[in-house]
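Notebook open, coffee poured. I wanted to go through this one chain by chain and jot down what I looked up.

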Amino acid sequence: MGARFDGIAVRAEGLVKSFGSTRALNGVDLEIPTGQVLGLLGPNGAGKTTTVRILTTLLKPDAGSAMVAGHDALADPEAVRRSIGLSGQYAAVDENLTGFENLYMVARLYGMSRSQSRIRARELLERFRLTEDGDRPSKGYSGGMRRRLDLAGALVARPVVVVLDEPTTGLDPRGRMDTWEVISELVDDGTTVLLTTQYLEEADQLADSIVVIDKGQVIARGSADELKNQVGGERLELVVADARDLAATARVLAEVGSGQPSTDAHTRKADVFVDTGPKALIEALRRLDAESILVSDVALHRPTLDDVFLALTGHAAEEDAGTAKKGAVA
Amino acid sequence: MTALTLAPPQGSAIARTLRDGGVVTWRNLMNVRRNPELLLGATIQPIMFVLLFAYVFGGSFGGGAYREFLMGGIFAQTVAFNSAFTTIGMANDLQKGVIDRFRSLPMSRMAVLLGRTTADLAVNSLGLLVMSLCGLVVGWRIRGSFTDAVLAFVVLLLFGFVMSWIGAFVGLLSGKVEVAQSAGFIWMFPVTFISSVFVVQTTLPGPLRTFAEWNPVTAVADSVRGLFGNPPLPGFERPDGWVADNATLYAILCCIAIFAPLAVAKYRKVASK
């Protein structure tokens with residue numbers, strides 16, 4: 001049947017793509033071992049969607065190669081299309097069709113017979129808890145339900161590789177949890193998943209390994225823990241009782257921590273990276289106590305992926321994405 | 001896991017294109033069924049043209065005789081406008097990501113266009129039916145033979161289908177629905193007005209007359225007038241020349257001449273993907 005592939009379900013090498021004078025991708029490499037989840041992370045415009053479009057045969061790269069499920073995306077795109085399921089950034093659900101009709105149509109277009117398609121569509125509706133609404137036009141579905149339907153569409157042909165392009169963008173927290181659950185189930189079934197996201201928390205939750213891209217280039221790769229270790233140390237965060245003490249607090253934190261502390265008068269928060277963890281925490285509290293500064297809350301955080309992103313690129317991921325989005329709407 | 005990759009589908013490329021095209025046609029028709037307002041453009045608009053031209057301009061042009069002459073023209077204009085509806089439908093699918101989903105499936109790429117144009121052909125047929133009834137009300141009659149009348153409808157639908165393919169390409173190029181709404185309609189007006197749709201082409205000045213004489217829309221309008229047995233408008237110079245004498249043949253040749261390069265260009269693009 002399908003071509004064999006040696007433990008690597010997706011391999012992209014040296015992908016380059018320009019649109020006019022803009023270089024969207026500048027030599028992106030990535031590899032996903034079979035059955036694993038790779039989180040492709042980066043702000044809007046970093047090249048995530050371009051990478052996805054190349055791997056799903058929607059776009060040809062100017063240079064580089066892409067192998068998906070043992071097939072060459074450039075030489076044999078048709079075979080790649082038979083092996084993958086794509087759930088796009090915008091749920092490509094036809095809102096005038098019912099949930100059942102959407103899935104039935106996709107199944108038919110994968111080449112299944114009418115009866116196979118009907119059975120498969122019903123199965124997926126059941127699995128994605130859409131049975132009750134399956135015969136209602138999807139126009140009336142909530143955002144979360146549409147996402148589930150779109151995800152179901154990607155799984156119609158039981159693909160070995162599933163590509164999810166920002167599967168939770170625009171979803172409320174409940175919808176996001178729902179989607180995460182579905183993705184976890186996929187992984188349990190042994191499916192290989194390429195997941196792009198702007199939400200660092202999401203990659204942290206779901207991905208076995210993470211590739212961070214910015215401006216068309218890979219700027220970091222590794223597991224979430226490895227990336228966090230790159231930032232080094234932990235973050236000591238405390239809240240003082242009186243905002244007037246913040247300046248003195250910052251001075252103390254600068255002494256015990258590594259790097260420049262930051263403060264926020266509004267929340268009365270001050271934080272700093274520390275190399276020595278609990279030791280630095282105790283030292284900071286002792287010195288603050290000596291200066292009679294009242295501390296109302298204190299915590300030692302492992303770095304989040306947001307910290308990683310900030311450290312790697314010099315700007316925050318979500319802020320950047322937020323501005324880019326506003327720009328697109330205006 | 002058993003099958004790593006779905007088996008390649010059975011059957012020839014043409015059979016697959018037709019099968020997938022059928023699925024996409026079904027999808028598009030379901031869209032129309034759930035949104036009957038999509039039919040307004042294809043039905044109300046031509047009726048409006050009939051009534052405006054028959055009763056606002058018609059009085060100056062010869063009353064009943066003009067109304068009978070007008071219908072063949074409006075039929076041709078109605079099927080030509082099919083192009084604009086396809087443009088908008090295509091741009092809409094593109095913008096909503098439906099085309100991307102189709103393109104990521106192992107289906108025939110040609111089927112996306114085929115499904116769109118076939119569904120629009122069905123809508124167009126309905127438009128023609130409504131038009132014919134409207135024509136009967138204002139005094140238009142089929143005076144020729146039954147076979148000729150059938151041939152007239154075949155010419156109209158064929159032309160509508162070909163125009164729809166042009167519209168599909170315009171839609172793919174325009175990308176955004178807002179652009180498609182202008183791009184789809186704007187060229188329709190000169191193409192349908194500089195023709196024999198509303199007036200006799202011999203009354204047009206110099207270059208416009210030449211354009212109108214060779215305009216496929218003129219050929220379609222004059223062809224169906226002939227086939228329906230509707231008499232020419234009295235008191236005007238009769239068009240002559242090869243095109244005027246062979247309107248039906250010329251209309252069909254135009255269809256082939258427009259359609260074939262589009263299909264081949266598309267096929268090349270698909271084949272070299």
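Here are my entries, starting with the domains of chain A and ending with the nonpolar cores.

**Entry 1: domains of chain A.** A reminder to myself before anything else: this is a predicted model. I pulled up the domain assignment for chain A, and it lists domain 1 as 8-93 + 141-228 and domain 2 as 233-302. So domain 1 is written in two segments. I then checked the spacing of the domain centres over C-alpha atoms, and domain 1 of chain A and domain 2 of chain A come out 39 Å apart.

**Entry 2: the strands around β1(A).** Which strands does β1(A) pair with? I found strand β2 (residues 22-33) of chain A, antiparallel to strand β1 (residues 8-19) over nine bridges. Strand β4 (residues 63-68) of chain A also runs antiparallel to β1(A), with five bridges. For the register I noted one pair on each side: Leu15(A) has Val28(A) in β2(A) as its bridge partner, and Arg11(A) sits opposite Met67(A) in β4(A). The link from β1(A) to β2(A) is a hairpin with two residues in between. I looked at the turn too, where Gly20(A) shows a positive phi of about 60°. A note for reading side chains here: in a regular strand they alternate between the two faces of the sheet.

**Entry 3: chain B overall.** How many helices and strands does chain B have? I got twelve helices and zero strands, and the pattern along the sequence is α all the way through. I wondered about the radius of gyration: chain B has 20 Å, which agrees with the value near 19 Å for a compact globule of 273 residues. Along the principal axes, the C-alpha atoms of chain B fill a box of roughly 80 × 40 × 35 Å. Buried residues account for 44% of the 273 in chain B. I also looked at contacts in chain B between residues at least 6 apart in sequence, and 85% of them join residues at least 24 apart.

**Entry 4: the cores.** The largest nonpolar core has 139 residues, and those touching the most other members are Leu55(A), Val68(A), Leu103(A), Val220(B), Val224(B) and Ala251(B). Helix α3 (residues 64-95) of chain B gives the largest share of this core, 15 residues. I picked Ala251(B) for a closer look. Leaving out residues up to four places away in sequence, Ala251(B) touches Val155(B), Phe159(B), Pro216(B), Ala219(B), Val220(B) and Ser223(B). Last, I logged a second, separate core of 13 residues, which includes Leu236(A), Val252(A), Ala280(A) and Ala284(A).

Conventions
Residues are numbered from 1 along each chain as its sequence is written. Chains are lettered from A and ligands numbered from 1 in the order in which they are written. This is a predicted model: local features need pLDDT of at least 70, side-chain atom pairs count only at pLDDT 80 or more; totals for chains, interfaces and linings use all residues. Domain bounds come from an automatic or database domain assignment. Two strands pair if DSSP finds at least two bridges between them. Helices (H or I, at least four residues) and strands (E, at least two) are DSSP runs, numbered from the N terminus. The radius of gyration is taken over C-alpha atoms; the globule rule is 2.2 Å times the number of residues to the power 0.38. A residue is buried if 20 or more other C-beta atoms lie within 10 Å of its own, exposed if 12 or fewer, and partly exposed in between; C-beta atoms are placed from the backbone. Two residues are in contact if their C-beta atoms, placed from the backbone, lie within 7 Å. A nonpolar core is a set of buried Ala, Val, Leu, Ile, Met, Phe, Trp, Tyr and Cys residues joined through C-beta atoms within 7 Å.
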